[in-house]
Amino acid sequence: MHEFKFRDGELYCEDVPIQRIATEVGTPAYVYSRTTLRDHYRGLEEAFSDLPHLICYSIKANSNLAVLSTLAAEGAGADIVSGGELYRALSVGIPAAKIVYAGIGKTEDEMAYALNSRILMFNAESTTELGVLDRVAGEVGVKASIALRVNPDVDAQTHPYIATGLKEAKFGIGIDDAMAVYEYAASLPNVEVVGVHQHIGSQITQVAPFRESLSIVGELVKRLQAKGIAIRYINIGGGFGIPYRQEKVPYPRDYARELEPILRQSGCTVILEIGRMIVGNAGILLTKVLYRKSTGDKGFLVVDAAMNDLIRPSLYGSFHEIAPVMSEERERETVDVVGPVCESGDFLARDRELPRTEPGELLAVMSAGAYAFTMSSNYNSRRRAAEVMVDGDRFGVVRKRETYDDLVRGEIAWD
Ligand SMILES: *Cc1c(COP(=O)(O)O)cnc(C)c1O
């Protein structure tokens with residue numbers, strides 16, 4: 001469910017006409033619905049309310065401070081993968097005691113920052129990382145609580161770039177090595193083992209891969225507890241998929257219903273690290289048609305948003321629905337929707353049947369709340385888009401469109 005809907009042939013976000021945002025803020029712009037963010041977060045909270053649990057919002061999906069502060073006000077924790085994300089989380093008041101830190105390449109500086117901030121735990125991904133963390137924790141004088149990220153070797157049946165739970169992935173510790181690495185971790189003086197972590201991939205559209213991996217992880221927890229290694233947290237990761245083209249995906253309550261037996265039996269607090277499901281359908285990318293052109297028998301719509309704004313189609317071949325902001329009846333045509341960037345891979349849609357639009361008209365690229373602005377760049381020296389938050393009949397710019405000065409900030413024309 002989301003709050004981007006047509007009223008009398010015109011697209012609205014909540015009670016604000018999208019056209020008005022384009023007029024006042026310009027394009028390209030990301031537009032987020034605060035009500036949708038809250039609804040998605042509350043849906044997850046409710047689904048897992050029968051279990052002791054903590055929902056850590058995955059900041060990398062969308063790290064705008066207005067998104068984070070909205071979720072912080074709902075009581076969300078944070079799943080971070082860098083010192084920068086820790087800084088963002090703390091700056092909107094997410095309590096350190098609700099922050100978990102994953103990633104295979106944490107630096108010593110980042111570890112010290114997280115230790116000094118007293119985060120809930122590190123999700124450690126290798127033996128060598130554990131060794132470094134133990135030393136840094138000793139230097140800082142703060143014990144490091146850890147979960148080990150184990151790799152259950154299950155196929156999440158998603159795009160290979162975002163499948164992370166197969167044994168050839170760079171993430172986590174192989175399930176067969178997990179016992180030995182846990183014993184090593186338990187022997188370290190400045191490390192306290194508190195949990196087990198998995199994250200098997202993103203945009204997963206079935207419950208089955210979670211059931212499969214959690215039964216493996218559940219067995220591991222039992223073996224650890226039998227060895228006197230007290231596991232208090234099971235972190236099931238994220239990856240809950242969303243509909244990009246009205247496909248059927250499980251609801252939070254479907255995950256909760258199917259996974260609850262295993263989770264309850266463990267006696268642990270459950271951590272969920274959810275990004276896309278909270279924010280993916282809470283945002284659109286608003287863009288304007290610049291030109292129509294054709295080469296041979298191919299038609300193109302050249303728009304003012306590009307792969308530097310939204311790289312998912314270019315990077316993963318992802319599908320984003322595209323709709324004119326004004327939806328009156330028109331003839332349909334099949335076109336590629338492309339941006340101004342000097343790459344043939346710069347497209348938002350290929351061979352897409354759309355209502356015919358003319359230069360100056362607005363298009364909404366739907367489901368662009370997650371892994372969208374956060375993956376944007378300045379390629380071609382394009383200024384990054386503005387971001388706008390809508391709440392009811394109000395809207396505000398929550399990140400200004402970059403200026404040319406922003407583009408060269410920190411650079412020196414050295415001679
Ligand atoms: C990216 C990531 C998530 C969030 O994944 P979504 O598919 O956005 O829910 C959760 N945990 C870890 C460790 C991640 O890297």
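Where does Q203 lie? Q203 is in the loop between β11 (191-197) and α8 (208-226). This is a predicted model, and the tour below starts from that loop.

**Backbone exceptions**

Most residues other than glycine have a negative phi, and most peptide bonds are trans. Q203 is not a glycine, yet its phi is positive, at about 50°. P28 brings a second exception. The peptide bond between T27 and P28 is cis, with an omega of about -5°. P28 is placed in the loop that links α1 (18-25) and β4 (29-33).

**The ligand site**

Which pocket holds the ligand? The ligand sits in the second largest one. The shell around the ligand has 15 residues, and those that come nearest are K60, S202, E273, R276 and Y371. Sorted by class, the shell has 3 nonpolar, 7 polar and 5 charged residues.

Backbone atoms also face the ligand. The table lists three residues with a polar backbone atom beside a ligand oxygen atom.

| Residue | Atom on the protein side | Atom on the ligand side | Distance |
|---|---|---|---|
| G239 | polar backbone atom | oxygen | 2.9 Å |
| G275 | polar backbone atom | oxygen | 3.0 Å |
| R276 | polar backbone atom | oxygen | 2.8 Å |

On its own, the ligand has 390 Å² of accessible area, and the protein covers 94% of this. R276 appears twice in this account. R276 is among the residues that come nearest to the ligand, and a polar backbone atom of R276 is 2.8 Å from a ligand oxygen.

**A sheet at the start of the chain**

Three strands make an open sheet in the order β1-β2-β3, and their pairing is antiparallel. Why is one side of β1 and of β3 left without a neighbour in the sheet? β1 (4-7) and β3 (16-17) stand at the edges and have a single partner strand each, so one side of each is left without a neighbour. The pairing of β1 with β2 (residues 10-13) is antiparallel and runs over 4 bridges. Across this pair, K5 stands opposite Y12 of β2. In a regular strand the side chains alternate between the two faces of the sheet.

**A hairpin further along**

Strands β20 (residues 386-391) and β21 (residues 394-399) run antiparallel, joined by 5 bridges. V390 has F395 in β21 as its bridge partner. How many residues lie between β20 and β21 in their hairpin? There are 2 residues between the strands. One residue of the turn, G392, has a positive phi of about 65°. Q203 has a positive phi too, of about 50°, although Q203 is not a glycine.

Key:
Residues numbered from 1 in each chain as written. Predicted model: local features only at pLDDT ≥ 70, side-chain atom pairs only at ≥ 80, totals over all residues. Heavy atoms only, no water. Near = heavy atom within 4 Å. Polar contact = N/O pair within 3.5 Å; in protein donor to acceptor, adjacent residues only side chain to side chain. Areas by Shrake-Rupley, 256 points an atom, 1.4 Å probe, with all protein chains shown as cover. 1 Å grid on protein atoms, 1.4 Å probe; cavity = no way out; pocket = protein on both sides within 12 Å on 5 of 7 lines; lining within 4 Å. Sits in = over half its atoms within 2 Å of the grid points. Nonpolar A, V, L, I, M, F, W, Y, C, P; charged D, E, K, R; others polar. Pairing = 2+ DSSP bridges.
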